[in-house]
Amino acid sequence: MEIPVVYNTLETYLLIAALLFGFGIYGMLKNRSLIGILISAELVLCAASVNFMAFNRFLVADPAVGQIFALFIMGLAAAEAAIILSIIVAVYRNYKSIDPEETAELAG
């Protein structure tokens with residue numbers, strides 16, 4: 001009996017990225033705290049990074065292109081996390097809560 005090789009194909013990586021993206025979008029829609037929304041946004045960025053690396057591995061001749069995009073996404077995610085965490089701290093100082101429902105005044 002031969003075990004099918006499914007772990008080293010483009011479809012496997014795309015499936016994992018789609019799952020990460022779906023979990024991230026679901027988390028962004030269903031979470032009630034800003035920290036949870038931030039973590040879900042990070043999952044979406046990880047899904048994009050996995051896609052870039054998968055396409056780099058299987059479709060592109062130059063291996064540096066996907067890696068550069070993945071590093072760019074990692075830097076973007078770090079900057080996004082720093083900015084959003086500073087916003088969360090500022091919101092908590094003003095409202096004593098990070099629940100998005102209680103900070104509805106910020107909607108404008």
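These are my notebook entries on a predicted model, taken helix by helix.

**Entry 1: the record**

I began with the UniProt entry, which is unreviewed. Under "transmembrane region" it lists residues 12-29, 34-55 and 67-92. I then looked up two of these spans in the model. Residues 34-55 are 100% helix and 0% strand, and the end C-alpha atoms of that span lie 32 Å apart. Residues 67-92 are also 100% helix and 0% strand, with 37 Å between their end C-alpha atoms.

**Entry 2: helix α1**

Helix α1 covers residues 10-30. I looked up two of its residues, Leu10 and Phe21.

Leu10 belongs to α1. Is Leu10 buried or exposed? Its relative accessibility is 16%, so I noted Leu10 as buried, the cut-off being under 20%. Leaving out residues up to four places away in sequence, Leu10 touches Ala54, Phe55, Phe58 and Leu59. I also checked Leu10 against Asn56: they are 46 residues apart in sequence, and their C-alpha atoms are 10.0 Å apart in space.

Phe21 is in α1 as well. I wrote it down as partly exposed because its relative accessible area is 43%, which falls between the cut-offs of 20% and 50%. Apart from neighbours within four places in sequence, Phe21 is in contact with Val44 and Ala47. The C-alpha atoms of Phe21 and Gly36 are 15 Å apart, with the two positions 15 residues apart along the chain.

**Entry 3: helix α2**

Helix α2 runs over 34-58. I checked its length against expectation. At 1.5 Å a residue, its 25 residues should span 36 Å, and the end C-alpha atoms are 36 Å apart, so the two agree.

Which residues of α2 are buried? I listed Gly36, Leu38, Ser40, Ala41, Val44, Ala47, Ser49, Ala54 and Asn56. The buried residues of α2 pack against α1 and α3.

I then took three residues of α2 one at a time.

- Gly36 lies in α2 and is buried, with a relative accessible area of 12%. Its C-alpha atom is 9.8 Å from that of Gly24, which is 12 residues away along the chain.
- Leu43, also in α2, counts as partly exposed at 28% relative accessibility. Not counting residues up to four places away in sequence, Leu43 touches Leu20, Phe23 and Gly24. The C-alpha atoms of Leu43 and Gly24 are separated by 5.0 Å, although the two are 19 residues apart along the chain.
- Ser49 is in α2 too, and its relative accessible area of 14% makes it buried. With residues up to four places away in sequence left out, Ser49 touches Ala70 and Ile73. Both of those residues are listed among the buried ones of α3.

**Entry 4: helix α3**

Helix α3 covers 64-95. I made the length check here as well. For 32 residues at 1.5 Å each, the expected span is 46 Å; the end C-alpha atoms are 46 Å apart, which agrees.

The buried residues of α3 are Gly66, Ala70, Ile73, Ala77, Glu80, Ala81, Ile88 and Val91. What covers them includes α2.

I looked more closely at Glu80, a residue of α3. Why does Glu80 count as buried? Its relative accessibility is 18%, and the cut-off for buried is under 20%. Aside from neighbours within four places in sequence, Glu80 is in contact with Leu38, Ala41, Glu42 and Leu45. Of these contacts, Leu38 and Ala41 are among the buried residues of α2.

After α3 comes Lys96, and I noted that its phi is positive, near 55°.

**Entry 5: a nonpolar patch**

Last, I looked at the surface. Which residues form the nonpolar patch there? They are Phe52, Phe55, Leu59, Val60, Val65 and Phe69, with about 500 Å² of accessible area together. Helices α2 and α3 each supply at least two residues of the patch.

I looked up Phe52 from this group. Phe52 is in helix α2 and counts as partly exposed, at 33% relative accessibility. That value passes the patch cut-off of over 30%. Two other patch members, Phe55 and Leu59, had already come up in my notes as contacts of Leu10.

Conventions
Residues are numbered from 1 along each chain as its sequence is written. This is a predicted model: local features need pLDDT of at least 70, side-chain atom pairs count only at pLDDT 80 or more; totals for chains, interfaces and linings use all residues. Side-chain values use heavy atoms; hydrogens and water are left out. UniProt positions are given in the numbering used here, feature names are shortened, and annotations may be inferred rather than shown by experiment. Helices (H or I, at least four residues) and strands (E, at least two) are DSSP runs, numbered from the N terminus. Patches are made of residues with over 30% relative accessible area and no salt bridge: like charges are joined within 9 Å, nonpolar side chains (Val, Leu, Ile, Met, Phe, Trp, Tyr) within 5 Å. Accessible areas come from the Shrake-Rupley method with a 1.4 Å probe; for residues, only the protein chains shown count as cover. A salt bridge is a side-chain nitrogen of Lys or Arg within 4 Å of a carboxyl oxygen of Asp or Glu. Buried means under 20% relative accessible area, exposed over 50%, partly exposed in between (1.4 Å probe, protein chains only). The expected span of a helix is 1.5 Å times one less than its number of residues. Contact means heavy atoms within 4.5 Å.
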